[in-house]
Amino acid sequence: MDVINKLYSSVSQTVSQLSAVLPGNLVTREYDVNTQIASAGRACMWQIYSGYKRSTKQEVSVFVLEKKQFDRFSKDDREQIFEIVKRGIQQLTKIRHPQVLTVEHPLEESRESFAFATEPVYASLANILGDTANLPPNVIKDLETFELYDIEIKYGMLQLFEGIQFLHNDAKLIHRNISPQSIVLNSSGIWKIFGFDFSVSNDQKHRYDFNPNQHILTIPSLEYSAPECALDNSYTARLDHFSIGVLICAIYSKKCYPFKTIDRNYTTFKSFSSDLRAKKRLNFMNVPNEIQATVEKLLTSLPDMRPDFPQLMKVPFFDDVGVKSLGYLDSLFQRDNQEKAKFYKGLPQIIERLPLRINLLRVLPCLIKEFVHHTMIPFVLPNVLLIAEKCTQAEYEKYIFVHLKPILSLRDPVQILLIFMQNMELLLKLTPPNDVKLYVLPMVYKALESNSKQIQELCLAVLPSFASLVDYPSMKNALLPRIKNLCILCNITSLRVNCLLCIGQLLPHLDKWLVLDDVLVFLPTIPTREPAVIMAIIGIYRISLNHELLGIPKEFVVNKVLPFLWPLSIENGLTLQQYKSIMQLIKELEHKVEQEHLKKLEQLSTDDTASPIDIIAPSKIEMDYKAELLHGKQRNNDLSSMQIDLKPLQVSNKPPVAVNSSIQPQLFMSVKPQTALMPVNVCAVASKPTQNPMVLTASSNQFAFNNVMNNNLSGNSMSFNSISPQSTNYSHAFSSYSDSASLLKPISTSTFKPNTAQSSTILSKEDIMEFLK
């Protein structure tokens, strides 16, 4: 296939080579040419280039004959050669037949060249048989690996029989130049007749006069000329029959001249003709036994003994199923739809037996022509996809997928979607990822919305196989909503189960939050509770729970999943095994919630020695008091055995008293033996009570309050040395009670009689007990 692909290979050159080869030729106005691909004609004098028409981008081949290659010949020879060339191309342009090379642009002559455009050509038969004249090295290398299949030879010969019969009977022409150089293969592998340089009318018997002074290019090839030309100096249309016999021998011997290379040696030609008249047996090298007798008749020296073309077409050698199928394909335009449908149903058996090149270049184009008739697509499409199975991805993209793109968007007839669904694996294997998103996915969406249950189920079955090719927005906004909608609206249990199974297989391709928000929330909305549906739902929950990229949060389990699963577990119709499966999932979910919540609580809890009312860190005043204790200032050992029990604070109507912060750590703590109270300074409370809330501080199981307002200290015989300036900055309130601003009453400073004789006062045991009461 690499050889055939050279016709379609992209060329990076931006400057047309044709302009360099044909300066001033009118062909360059309408056509651009890429590279030379072949050569043909007498002595392969014509160079063939691949190209395209500028206006329509239609592929063509441009035949170029450079005049400078004849500069070494005499002027008379050049003029005679040019005259023969022009006459042959003009004759070719007039003839229109499927087996004759089609001319797209007539011959144009310039000072330096001749040129004309034809249908796309692959190579001449001479190039394939080894004649590399006028070929570049890269083309020669490509042609070395090319071989004709047996079915190509058989069908090609039948095409030549048909074409020459048309020339004899309808065009009234004798070709006179049938040879490998005058047979070309177009881009589809069809054999076409070329080289009408020496054609004459078929209305009478022609005289053959050989002039030894003539240039070899001005006479037909003597190797393919009939014996009567030399022996009788005359010829008829039967001359072409003899040429066909020699051509068959050349094809099977794989060389252009199977017998003798005569060139312009007329004596050798006459000797060879005499041997044929004497019935000397020729060496039919490699010619199949089934056709040797027919070839021998074609090569007889008696023109009337040569079989005509209708007889040749009936030779059993050509009675091949593949050959008949190719012939039927070429005549399909003459058949009605019923005959076509019957043929297409049996075509897969033929496709399996044909080589890939034949399928791609001969069968496929005939099938693609039927795409314009939508009613015939269901009969043609399976054959096209069968050919695709044998292709590489590059061949599929180049020959098949370009024609499938418009078909993928069709909805009617519904069999088209069904065929595509059945071959979805093949499409995904060969179609490029970008084209999957552009063409295959929209077709899948249409399949999900189809009214055919079979198409919908097939679509659901193949969706997971290419889920990785679906981008996230398409999955979230197009594909998943359609599956959910189908699951809810359909009334068929099996289809609903398939929807859930498809969703379950798509879960690994979704993210966690899409599963929670769009899938798990959707499950309780499913209207039916058949056991099959329930088990499909259980499967989705299990995948969501256990997949490493997913997971279900405990809050979602408690609030959404478990309240839904418990009623499902007691639905009627469940078997014992199904019930156990549901209960196992419920237990797994409950265990998950328990473990996660315990772990959370353990992380939040503090160590066992921490105080339950530790709220804020110790204040700076408390730290100062600790430093004062360490210096061992006045200690009181009278309270060594005293134990103080904490009691709840009680709101009292007695006026609040501000207490110096230096005593705070000792007022509300369990006093250990040998622990003394330090002197305190108590300041008077301002007449306007503060609205600041009370703050609790503690450290190492010590409790301190910034202000105590719930004890009546005015009755105690306490004296105050001075008013601490810091006391007015403390906060005063009970955080664990309601706002106590209304309970605070102004306290007169006369209640407190400062004693200037001592700088501080030590609280007595009775004062402390009274305070605690």
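Hi everyone, this is a short tour of strand 5 and of the loop residue Thr-528. Before we look, please keep in mind that this is a predicted model, in which local features need pLDDT of at least 70 and side-chain atom pairs count only at pLDDT 80 or more, while totals for chains, interfaces and linings use all residues. Residues are numbered from 1 along each chain as its sequence is written, and side-chain values use heavy atoms, with hydrogens and water left out.

Let's start with strand 5. Helices (H or I, at least four residues) and strands (E, at least two) are DSSP runs, numbered from the N terminus. Strand 5 covers residues 113–118, and six of the six are buried, so the strand is largely enclosed by the rest of the structure. Buried here means under 20% relative accessible area, with exposed over 50% and partly exposed in between (1.4 Å probe, protein chains only). Ser-113, Ala-115 and Ala-117 point one way, and Phe-114, Phe-116 and Thr-118 point the other.

Now, which strands sit beside it? Two strands pair if DSSP finds at least two bridges between them. Strand 3, residues 59–66, runs antiparallel to strand 5 and is joined to it by six bridges. Strand 4, residues 103–109, is also antiparallel to strand 5, over four bridges, and a hairpin of three residues links strands 4 and 5. Have a look at Ala-117: it is the bridge partner of Val-62, and His-105 stands opposite it too.

Last stop, Thr-528, in the loop between helix 24 (512–520) and helix 25 (531–546). Leaving aside neighbours within four places in sequence, Thr-528 is in contact (heavy atoms within 4.5 Å) with Arg-496 and Val-533.
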